[in-house]
Each structure stands twice: as C-alpha cells, then as structure tokens.
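Trainee: I'd like to learn how to read a structure, starting from scratch. Could you take me through one, feature by feature?

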Amino acid sequence: MELTKAQAWMADFAATISQNAALLTDLDRQIGDADHGSNMNRGMQAVIALDRDFPDAASYLKKAGMTLVSTVGGASGPLYGTFLLRFAGALTGQTTHDAHGMARAWRAGLEGVISRGKAGPGDKTMVDALQPAVEAMEAETSDLAICLTSGLAAGEQGRDATTPMVARKGRASYLGERSAGHQDPGATSIVLLLEAAARTLA
Ligand code: ADP
Ligand code: MG
Ligand code: MG
C-alpha cells in the first residue's frame, strides 16, 4: 500500500468521524457514557495532525495506531490502536497492492482487537461489524474494489445486527438486558472506517 493511500484513508476517516461524532456520542449515551464520538474525534484529529513525512504506509499506520492509544481515553483507543498496529504489521513486506493483501491486513487487525478486548461474535461490540467484514473481504479476493465494498456491506449488516443483542463486553454490559434495542457505537464507527477504506484504498 502506498503511503498516500494510507494517509487518504485516515484523512477520510477523520472527516467522517467528525461529521458523525454527535451520532456516535448519542448511541453511546443510550448504552454507555456518551463519549464515543468525542473519543474518536479527539484521536483522529491527532492522527491527521501528524507529520506527513513517513517512509511507507506501514510506518505511518503504526504511528497512527500509537497516536490513538495515547490520545483516546476509553476502550476504543487501545482497540482501534491495536487494529491499526496489527494492520500495519501485516502490510510490512507486501510488495503488491491487491485484495489478498488487503484481506490479510484486515484479518490481522481483527485478531488484534479480539486478543486485546476478548470479545466474540454476539457480544455487541465493534467485533460484530469487523468480523463479518473481514470474512466478506476474504471471500472476494479477485478485485480490490469489490473486496472493499463487500466488506463494507457485510460490516453494515453486522452493525445493524448489534441492535437486538445483549452486551457482554464493555460498559454496555453493565446494563444487562437493558442494552438490547440499541445499536452499538463501536460497530457504528467501524462501518465509518470501512466506508473510508472503500473510498480511498482501491
Ligand atoms: P468507553 O466504553 O470506555 O467509554 P468508547 O465509548 O469510546 O469507550 O467505546 C465504546 C465501544 O468500544 C463499544 O461500543 C464497543 O463497540 C467497543 N468495545 C468496548 N469493549 C470492547 C471489547 N472488550 N472488545 C471489543 N470492543 C469493545
Ligand atoms: Mg463511551
Ligand atoms: Mg468512556
């Protein structure tokens, strides 16, 4: 992946997070502590304020991940940070920019989120959007644009499927059964990351 593509992805994600910060915070107000939009916005503003001068996409995305870990308070900072660090790690040594490599990088990011947060499918977290997205990308490796749009469509379905779920991880789990009937904020922001990827990474 070219450095300019990785930077365009993060710039697009930062813009869409900023536009949707109020929505993300409203979702988090229903089942959390009303800060997911402001957390992600603070982190992504710090990412786009980074120096543009990096040797490659992997080193840039590693720095972006470390920036999220250090600037986003809350669960989402370490989880998104780990996602980007592992994603970047999977890019290292990739010589072509294709759907196979893209799916591998998203898979590595997902595994980082799971090993950090210990959430599984159905726990009503960002994993419920990210995991089906990665599986859809892995099933569509003939064309990079199709791979990314398939991942986005599956991520949207996964996000929507969080609404009836009862949360078993994160703050929303404190509500027990009362967490049902609300869309998960982190699954919602993952779809914004997928949208930004579909617009910039093909
Ligand atoms: P906090 O809950 O600390 O205020 P945020 O509001 O920024 O952090 O992020 C909340 C989102 O983080 C949730 O909607 C959920 O998607 C995600 N999340 C929380 N805990 C976990 C976990 N253990 N694994 C995966 N995702 C999680
Ligand atoms: Mg919160
Ligand atoms: Mg919080």
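Trainee: Let's start at the beginning of the chain: is Met 1 buried or exposed?

Mentor: Before that, keep in mind that this is a predicted model. To judge burial, count the C-beta atoms around a residue; 20 or more within 10 Å means buried. Met 1 has 21 other C-beta atoms within 10 Å, so Met 1 is buried.

Trainee: Where does Met 1 sit, and what does Met 1 touch?

Mentor: Met 1 lies in the segment before α1. Leaving out residues up to four places away in sequence, Met 1 touches Ala 6, Ala 57, Leu 91 and His 97. Sequence distance and distance in space are separate things to check: Met 1 and Gly 101 are 100 residues apart along the chain, and their C-alpha atoms are separated by 9.0 Å.

Trainee: Now the whole chain. How many helices and strands are there?

Mentor: There are 8 helices and 0 strands, so the pattern along the sequence reads α-α-α-α-α-α-α-α. The radius of gyration is 16 Å, close to the 17 Å that the globule rule gives for 202 residues, so the chain is as compact as a globular protein of that length. Along the principal axes, the C-alpha atoms fill a box of roughly 50 × 35 × 30 Å.

Trainee: What share of the residues is buried?

Mentor: Of the 202 residues, 52% count as buried. Contacts are worth a look too: among those between residues at least 6 apart in sequence, 65% join residues at least 24 apart.

Trainee: What does the UniProt record say about this chain?

Mentor: An unreviewed UniProt entry carries the annotation "domain: DhaL" over residues 4–199. Across residues 4–199 the chain is 69% helix and 0% strand, and the end C-alpha atoms are 13 Å apart.

Trainee: How do I check a single helix, and what span should α4 have?

Mentor: Start from the general idea: an α-helix has 3.6 residues a turn, so residues three or four places apart point the same way. For length, use 1.5 Å a residue: the 16 residues of α4 should span 22 Å, and the end C-alpha atoms are 22 Å apart, which agrees. As for cover, 14 of the 16 residues of α4 are buried. Just after α4 comes Gly 93, with a positive phi of about 90 degrees.

Trainee: And α6: how many of its residues are buried?

Mentor: In α6, 10 of the 12 residues are buried, so α6 is largely enclosed by the rest of the structure. Among them are Val 127, Leu 130, Pro 132 and Met 137. The cover over the buried residues of α6 includes α5, α7 and α8. The length of α6 fits as well: α6 reaches 16 Å from first C-alpha to last, close to the 16 Å expected.

Trainee: You brought up phi. What should I look for there?

Mentor: Most residues other than glycine have a negative phi. Ala 34 has a positive phi of about 60 degrees although Ala 34 is not a glycine. Ala 34 is in the loop between α1 and α2, and counts as partly exposed, with 15 other C-beta atoms within 10 Å. Lys 118 also has a positive phi, near 60 degrees. Lys 118 lies in the loop between α5 and α6, and with 11 C-beta neighbours inside 10 Å it counts as exposed.

Trainee: Thr 125 is in the loop between α5 and α6 too. Is Thr 125 buried or exposed?

Mentor: Buried, with 32 C-beta neighbours inside 10 Å. Beyond residues up to four places away in sequence, Thr 125 touches several residues, including Gly 117, Lys 169, Gly 170 and Gly 186.

Trainee: Last one: which residues surround ligand 1?

Mentor: Ligand 1 has 24 residues around it, the closest being Gly 74, Ser 76, Gly 117, Gly 170 and Gly 186. Four helices, α2, α4, α5 and α8, each supply at least two residues of the shell. The largest share, 3 residues, comes from α8. Sorted by class, the shell has 8 nonpolar, 9 polar and 7 charged residues.

Conventions:
Residues numbered from 1 in each chain as written. Chains lettered and ligands numbered in written order. Predicted model: local features only at pLDDT ≥ 70, side-chain atom pairs only at ≥ 80, totals over all residues. Rg over C-alpha atoms; globule rule 2.2 N^0.38 Å. Contact = placed C-beta atoms within 7 Å. Near = placed C-beta within 6 Å. Nonpolar A, V, L, I, M, F, W, Y, C, P; charged D, E, K, R; others polar. UniProt positions renumbered as here; feature names shortened; annotations may be inferred. Expected span 1.5 Å × (residues − 1).
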